[in-house]
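Reader: I have the sequence and the fold open at my bench. Let's take a few residues in turn.

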Amino acid sequence: MRISIATLLVCVPLTVYGQVPQAAHRYRAELTRVSHVIWGIRAPVPAFAAQVHQESAWRHDVCSPYACGLTQFTADTADWIQKVYGTELGPKDRFNPVWALRAMVRYNKHLFDATPGHTQCDRLWGALRKYNGGAGHWNMESRYAEDRLDRHSVDAQCGKARRSYKHCPESLGYPRRILLTHQPKYAGWGMYVTCN
């Protein structure tokens, strides 16, 4: 059976990129650059790409009822990030993809550094939960956890510490979708965070 070069060219992008939106490739270089500047050479770029995938499917002009832009920051969180890290981020604009990526990576680093854990996955999982549902909830849940350094133990406290259980499916599903569902699509983008 002979396969033409044209057939191969059509099939390769589907195989290589999977379900990665075309717009993601436009921002890959900037996300990689800013991730390495803020996190170092071992930055978990595939996890960050997966987070943007989850937040906006790489659309810079979308808004939910509470947040806007490529990385879906609320106005309050964007104001806080700008106040603390503004000199390195440039003028605040949630709809500007460059600002949004820089702000997300910087905010993730802030949250990661404040999240204890046994593994990089435990720490990043907690940071993502904080990004999605607020640091106060994760911190309170970790106080009640049998092992506050283990994400499973902290997750088991969702709905028992401070927040209503009705918010737990979203809070617990957010890092799962990013690290287990979307991150594999971006595996070729850099250092991969392994979670089991």
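Reader: Which residues is leucine 31 in contact with, leaving aside its neighbours within four places in sequence?
Author: This is a predicted model. Contact here needs heavy atoms within 4.5 Å. By that cut-off, the partners of leucine 31 are Val45, Phe48, Ala49, Trp58, Leu101, Met104, Val105 and Trp189.

Reader: Which residues have the most contacts inside the largest nonpolar core, and which helix gives the largest share?
Author: That core has 44 residues, and Leu31, Trp58 and Phe73 have the most contacts inside it. Helices H2, H3, H4, H5, H6 and H9 each supply at least two of its residues. The largest share is nine residues, and it comes from H5.

Reader: Is cysteine 68 buried or exposed?
Author: Cysteine 68 lies in the loop between H3 and H4. Not counting residues up to four places away in sequence, it touches Val62, Cys63, Phe73, Arg94 and Phe95. Its relative accessibility is 12%, and the cut-off is under 20%, so cysteine 68 counts as buried.

Reader: How far apart in space are cysteine 68 and alanine 187?
Author: In sequence, cysteine 68 and alanine 187 are 119 residues apart. In space, C-alpha to C-alpha, the distance between them is 26 Å.

Reader: Why does glutamate 141 count as buried?
Author: Glutamate 141 sits in helix H7, residues 135-144. Beyond its neighbours within four places in sequence, it contacts Arg129, Val154, Gln157, Cys158, Gly159, Ala161 and Arg163. Buried means under 20%. Glutamate 141 counts as buried because its relative accessibility is 1%.

Definitions and conventions: Residues are numbered from 1 along each chain as its sequence is written. This is a predicted model: local features need pLDDT of at least 70, side-chain atom pairs count only at pLDDT 80 or more; totals for chains, interfaces and linings use all residues. Side-chain values use heavy atoms; hydrogens and water are left out. Helices (H or I, at least four residues) and strands (E, at least two) are DSSP runs, numbered from the N terminus. Buried means under 20% relative accessible area, exposed over 50%, partly exposed in between (1.4 Å probe, protein chains only). A nonpolar core is a set of buried Ala, Val, Leu, Ile, Met, Phe, Trp, Tyr and Cys residues joined through side-chain atoms within 4.5 Å.
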